[in-house]
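Please examine the sequence and the structure shown here. The questions that follow take up selected local features.

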Amino acid sequence: MSADPLVIIGAGQAAGQLVASLAQEGFAGDVIVVGDEPHPPYQRPPLSKKFLAGEIELDRLYVKPEAFYAKAGTRLMLDTRVAGIDRQARAIVSEAGPTLRYSTLVIATGSRPRALTLPGADLEGVMYLRTIADVEAIRRYLEPGRRLVIVGGGYIGLELAAVAAKRGVLVTVLEQAPRVMARGVGSIVSAFYERLHREEGVMIATGTAVLGFEGNGRVEHVICDGARIAADLVVVGVGAIPNTELAREAGLAVDNGIVVDAQCRTQDPVIHAIGDCASQLHPLLDQRLRLESVHSALDQARMTAAAICGRPQPLLQTPWFWSDQYDVKLQMAGLSATHDKVVVRGDPDRGRSFAVFYLRQGVLIAADAVNRAPEFMMSKQLIAERAQVDPAKLGDEQVAMKEVRL
Ligand code: FAD
């Protein structure tokens, strides 16, 4: 075995889990994690939830305490940006620092917020939400009576809206699509979330394109289709772009994400890619997917650690995702895009608890569960089994979820 270390580029959620899984698998070599942020690997979901709300401290974000890495024989090189990969020499080149040789390389560079290029988008006070530093900057403005305009009604924008509204901030959400969270959930769930936010005092405008921002050095107004909305702060949440440039420049295939096989290997046998930056052939769903989700990042990290250590690999599970807004937990399992039938359990128009199921040819392929943990848990299992289900039983609150198989 080469004496060169295993190098991980990016110190995010996937990298943190990979180090932990390598230790569990008994990996004996040296590991170096090179990340451009000043923090050890941390979890991002709380950035738009409990950490933003000030309900948990910084150290609760960390995937593992800092001391864990030294114990696991892992060196963290933080504040260090990798500028290139030299596949011939099996080395990475960092922007400021040394060249580092690797025996195995794992690219875990994540994704970055899609930036707006509209007029005034570079004014002070137009922000994005991806890092701890972003939250620290945004939090300073979340005071009662302040006016926050959120561009984009995706889950990050809406989670921010929920935290800000609870603090007495006057929140407006502008969404270009005809409904919120259109990329993640079906229209019934979108309509529910629009009602939820309006009940909590948030102003939501769908079908509204932002044209630009105005202000004297600092943002004062958001300009959109015939309206001029006053703002003390603007946060943009209009999707993410995978960080694939290093891979592309190194000659690795990129197709939306870095192309990897079912074991997260790129076409170079000593280079893997995991997390938001990877586009993987998902064995359960028979399609190539790039998922921006913690569950996917963790699954891929575990699978890669097992592959590197030559162990049998854990099976990929049904993809799932969650979002917390106010007192409502949304849990989504599977992918609904190809459904031909929708079944609803509970009443989406009243209260805050129901589930929507998506079927294709009688098989359950996805579910959106709103404050319905049992429905979510059973759906995950049924989706993995590719189970045929009875739509009448599925929609009947009186029938237990374990009875819905045909
Ligand atoms: P990241 O955690 O982004 O880590 C990648 C790291 O690599 C970053 O630190 C980046 O700066 C660094 N990097 C990039 N390029 C270089 C380079 N050239 N050199 C060195 N370092 C580099 N998912 C859920 O499942 N549920 C949720 O509720 C949820 N909420 C979220 C809320 C927010 C606000 C955000 C931003 C994301 C949320 N996600 C959620 C998504 C989830 O956090 C990501 O899917 C997950 O972080 C992916 O992990 P990763 O390791 O691939 O990427």
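**Helix α8, strand β11 and a pocket**

In α8, the buried residues (under 20% relative accessible area with a 1.4 Å probe, protein chains only) are Glu375, Phe376, Met378, Ser379, Lys380, Leu382 and Ile383. This is a predicted model, in which local features need pLDDT of at least 70, side-chain atom pairs count only at pLDDT 80 or more, and totals for chains, interfaces and linings use all residues. Residues are numbered from 1 along each chain as its sequence is written, and side-chain values use heavy atoms, without hydrogens and water.

Q: Against which elements do the buried residues of α8 pack?
A: Helices (H or I, at least four residues) and strands (E, at least two) are DSSP runs numbered from the N terminus. Packing rests on contact, meaning heavy atoms within 4.5 Å. The partners of the buried α8 residues are β23, β24, β25, β26 and β27.

Q: What phi does the residue that follows α8 have?
A: α8 covers residues 373–385. The residue after it is Arg386, with a positive phi near 55°.

Q: Is Thr172 buried or exposed?
A: Thr172 is found in strand β11, residues 170–174. Beyond its neighbours within four places in sequence, Thr172 is in contact with Leu148, Val149, Ile150, Met203 and Ile229. Because its relative accessibility is 14%, Thr172 counts as buried.

Q: Which element gives the largest share of the lining of the second largest pocket?
A: The elements that give two or more residues to this lining are α4 (155–166) and β23 (320–325). The largest share, four residues, comes from α4.

Notes. Expected span 1.5 Å × (residues − 1). Buried < 20%, exposed > 50% of the residue type's maximum accessible area, 1.4 Å probe, protein only.
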